Amino acid sequence: MSSAIASIPTARAGPAVMWAAFLARDRRWDGRFVAAVRTTGIFCRPSCTCRKPLRRNVRFFRSPAAAARAGFRPCKRCRPELRGGASEADRRLAGRALALMRRAPGEAWPIARLARALAMSPSSFARHFRTGAGTTPARSLAAIRMRRAGEMLKRGDRVLDVALELGFGSGSAFARAWRRHRGDAPRRRARPSDRRRSA
């Protein structure tokens with residue numbers, strides 16, 4: 001590692017130190033400055049894995065906001081405008097997709113539909129969702145449906161009603177999914193009014 005970036009001083013670093021950190025993709029400097037490239041109009045965090053430009057084409061800014069005010073756009077790979085970088089961007093993406101599925105768990109949510117709703121290609125969406133959520137959209141939807149099913153059964157809904165509302169073709173299809181998820185058969189809990197009538 002270059003002696004210019006062997007340690008991070010508390011004083012403000014000069015252009016030579018920032019350039020060395022940018023070339024080395026040194027994560028320790030993330031959040032302390034961004035590097036903007038005149039030829040592309042894009043700014044990156046120091047640790048970005050992008051191909052490094054010529055030194056004469058690079059300007060340094062102390063914050064993403066300063067780079068944006070100068071007319072530069074944030075890199076879509078390293079997401080320097082977000083404190084958590086690309087990882088935070090993936091978590092936000094997954095959160096938006098999960099919110100869509102939670103609002104309508106009974107609907108079909110193939111990857112193509114989710115990607116279209118978030119203005120992405122299916123392959124890019126699937127990759128970033130899995131990174132952000134730690135699982136696939138299909139498994140996430142299954143978990144959302146099972147949580148909703150548990151709530152509905154707890155309040156006393158019939159198994160068939162739960163199955164149809166959550167997008168299962170039949171009560172038996174829902175029961176199979178419930179067994180895979182919970183290990184037992186789905187059971188409706190009796191409502192208080194039901195118990196009074198049977199007393």
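These are my notebook entries on a predicted model of one protein chain.

**Entry 1: the whole chain.** I started with the overall layout. I counted 9 helices and 4 strands in the protein chain. Reading along the sequence, I wrote down the pattern α-β-β-β-α-β-α-α-α-α-α-α-α. Next I looked up burial: 39% of the 199 residues count as buried. For the surface, I noted about 11,900 Å² exposed by the protein chain, with 51% of that supplied by carbon and sulfur atoms. I also checked how far contacts reach along the sequence. Taking contacts between residues at least 6 apart, 50% join residues at least 24 apart.

**Entry 2: helix α1.** Which residues of helix α1 are buried? I found M18, W19, A20, A21 and F22, within a helix that covers residues 15–24. Then I wanted to know what lies over them. The cover includes three strands: β1 (34–37), β2 (42–44) and β3 (58–61). Just past the end of α1 I stopped at R25, as this residue takes a positive phi of about 55 degrees.

**Entry 3: A89.** I moved on to helix α3, which spans residues 85–103 and holds A89. Is A89 buried or exposed? I put A89 down as buried, because its relative accessibility is 14% and the cut-off for buried is under 20%. Setting aside neighbours within four places in sequence, I found A89 in contact with R79 and L82. I also looked up A89 against F129: the two are 40 residues apart in sequence, yet their C-alpha atoms are 9.8 Å apart in space.

**Entry 4: S140.** F129 turned up again when I looked at S140, a residue of helix α6 (residues 137–154). With residues up to four places away left out, S140 touches L98, M101, F129 and T135. S140 counts as buried because its relative accessibility is 9%.

**Entry 5: a charged patch.** Last, I went to the surface. Which residues gather in a patch of positive charge there? I listed R176, R179, R180 and R187. I picked R180 for a closer look and placed it in helix α8, residues 171–182. R180 has a relative accessible area of 68%, so I marked it as exposed, the cut-off for that being over 50%. I added a reminder on helices for myself: an α-helix has 3.6 residues a turn, so residues three or four places apart point the same way.

How values were computed: Residues numbered from 1 in each chain as written. Predicted model: local features only at pLDDT ≥ 70, side-chain atom pairs only at ≥ 80, totals over all residues. Heavy atoms only, no water. Helix = DSSP H or I, 4+ residues; strand = E, 2+ residues; numbered from the N terminus. Buried < 20%, exposed > 50% of the residue type's maximum accessible area, 1.4 Å probe, protein only. Contact = heavy atoms within 4.5 Å. Areas by Shrake-Rupley, 256 points an atom, 1.4 Å probe, with all protein chains shown as cover. Patch = residues over 30% accessible without salt bridge, like charges linked within 9 Å, V, L, I, M, F, W, Y side chains within 5 Å. Salt bridge = Lys/Arg side-chain N within 4 Å of Asp/Glu carboxyl O. Lys, Arg positive; Asp, Glu negative; His and termini not counted. Charge placed at Lys NZ, Arg CZ, Asp CG, Glu CD.
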